[in-house]
2 protein chains.
Amino acid sequence: MAHEVEQRALARYLEEHSLKHTKQREAILDVFLEAKGHITSEDLYQAVRSRHAQIGYTTVYRTMKLLCEAGLAHEHNFDGTARYEIAHEHHDHLVCTRCGKIIEFECEMIESAQNRIAASYGFRVLRHRHELYGHCAECQTSRHSDS
Amino acid sequence: MAHEVEQRALARYLEEHSLKHTKQREAILDVFLEAKGHITSEDLYQAVRSRHAQIGYTTVYRTMKLLCEAGLAHEHNFDGTARYEIAHEHHDHLVCTRCGKIIEFECEMIESAQNRIAASYGFRVLRHRHELYGHCAECQTSRHSDS
DNA sequence: CTGAAAATGAATGTGATTTTCAATTTCATT
DNA sequence: AATGAAATTGAAAATCACATTCATTTTCAG
Ligand SMILES: [Mn+2]
Ligand SMILES: [Mn+2]
Ligand SMILES: [Zn+2]
Ligand SMILES: [Zn+2]
């Protein structure tokens, strides 16, 4: 069984919350960790199903919610369908509306400016989303559709 | 008829696009301009309906899309339902997840940092969303639900 | 080994938005 | 003012992603 660290983290979360350790959850975590980038529930379901034909969509769906709660996955919504990525240090995204490419960025200056702004309003920030939509370098030249 | 400037802008957009000037569109724009803040289609529909009982939800819905295309309205989606605001200079938002209050902010430093980041990837930004979710000053103290 | 609690998954529900389509309205042209 | 092609309207139905239901199966503490 691969991904020992994450599997143990999941097991620990399940124990702490009186939830059960099932083969489905283990399998879905495995497949998720092998998938790259920012994957939709549907794509993840297809990937899961290719190895474990009996696992249902609902279980994949619910498990991704669980992995988010456990801090192992992060959910984003760039275009109306949720996408999941392996949790890692905070970052924001550039999203190419032509080819779908997603570039991650982080900027301490922006983060601190955000905090200053919120503080000036006495506002406590719990989370934020900062996404730049447009065309990536590769998509600049080609003359296709899309805005 | 109030809101002459905006009504004329709409009329101009309609002409330029071979669309027709209808009483519904005029009425919806009027009601929209009188509504304050960031209003949902549903709330706008209720407001429209109180003055023009015959106007249907679909028309309100479609007209708001039209007003966005015409540059008179901006659409945002903070929580799963679209909200519209009267178009004005660029800004981003602080959203209180307890009371729903929306505070607007603008930060030239953030905007230019964004542009630098995009440029470093050869990325052309067409639009962006930057939203800070949390609790507003008034909601900090009270002990209610919600994350 | 047992049984209570949780999980599964197929089916169904939900809520916002979008589309369909027959009837109505607009408006450039007679 | 009359005509008619094209656009609009609005009630109803469809769509889409997501959420819930519930009968059955599985987990796991005792
Ligand atoms: Mn990411
Ligand atoms: Mn605003
Ligand atoms: Zn691209
Ligand atoms: Zn508040």
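What follows is a chat about a predicted model with chains A and B.

Me: Before we start, what are the ground rules for numbering and confidence?
Reply: Residues count from 1 along each chain as its sequence is written, and chains are lettered from A, with ligands numbered from 1, in the order in which they are written. This is a predicted model, where local features need pLDDT of at least 70, side-chain atom pairs count only at pLDDT 80 or more, and totals for chains, interfaces and linings use all residues, while side-chain values use heavy atoms and leave out hydrogens and water.

Me: OK, the interface. How many residues of chain B are in contact with chain A?
Reply: 34 residues of chain B are in contact with 34 residues of chain A, where contact means heavy atoms within 4.5 Å.

Me: And how much area do chain B and chain A bury between them?
Reply: About 3000 Å², with 69% of it on carbon and sulfur atoms. Buried area here is the accessible area (1.4 Å probe) that two parts lose on being put together, summed over both.

Me: Which residues in chain B lose the most area to chain A?
Reply: B:Phe123, B:Arg129 and B:Tyr133, and together they make up 22% of what that side buries.

Me: How many salt bridges and polar contacts go across?
Reply: The rule finds zero salt bridges across the interface of chain B and chain A, counting a side-chain nitrogen of Lys or Arg within 4 Å of a carboxyl oxygen of Asp or Glu. For polar contact, 16 residue pairs turn up, both residues at pLDDT 80 or more. A polar contact is a pair of N or O atoms within 3.5 Å; within protein, one must be able to donate a hydrogen and the other to accept it, and residues adjacent in sequence count only if both atoms are side-chain atoms.

Me: Which element of chain B gives the most to the side that touches chain A?
Reply: Strand 6 of chain B, with twelve residues. Helices (H or I, at least four residues) and strands (E, at least two) are DSSP runs, numbered from the N terminus. The residues of that side of chain B divide into 19 nonpolar, nine polar and six charged. In that split, Ala, Val, Leu, Ile, Met, Phe, Trp, Tyr, Cys and Pro count as nonpolar, Asp, Glu, Lys and Arg as charged, and the others, Gly among them, as polar.

Me: What does strand 6 of chain A do with strand 6 of chain B, parallel or antiparallel?
Reply: The two strands pair in the antiparallel sense over eleven bridges; two strands pair if DSSP finds at least two bridges between them. One of the matches is A:His135 with B:Arg124 as its bridge partner.

Me: Back to salt bridges. How many over all chains?
Reply: Eight in the whole structure. One of them joins A:Arg12 and A:Glu16, at 3.6 Å from N to O. Both residues lie in helix 1 (residues 4–16) of chain A, four residues apart, about one turn of the helix.

Me: Are A:Arg12 and A:Glu16 buried or exposed?
Reply: Both are exposed. Buried means under 20% relative accessible area, exposed over 50%, and partly exposed in between (1.4 Å probe, protein chains only).

Me: Which residue does A:Arg129 bridge to?
Reply: A:Glu131, with the closest N and O atoms 3.1 Å apart. A:Arg129 is buried at 18% relative accessible area, and A:Glu131 is buried too, at 4%.

Me: What about B:Lys101?
Reply: B:Lys101 forms a salt bridge with B:Glu138, the closest N and O atoms being 2.3 Å apart. The pair links distant parts of the chain, 37 residues apart: B:Lys101 is in the loop between strand 4 and strand 5 of chain B, and B:Glu138 is in helix 6 of chain B. B:Lys101 is partly exposed at 30%, whereas B:Glu138 is exposed at 55%.

Me: Why call strand 4 of chain B largely enclosed?
Reply: Because five of its five residues are buried. B:Asp92, B:Leu94 and B:Cys96 point one way, and B:His93 and B:Val95 the other way.

Me: Which strands does strand 4 of chain B join?
Reply: Four bridges join strand 4 of chain B to strand 5 of chain B, antiparallel, and four join it to strand 6 of chain B, parallel. On the strand 6 side, B:Leu94 stands opposite B:Leu132.
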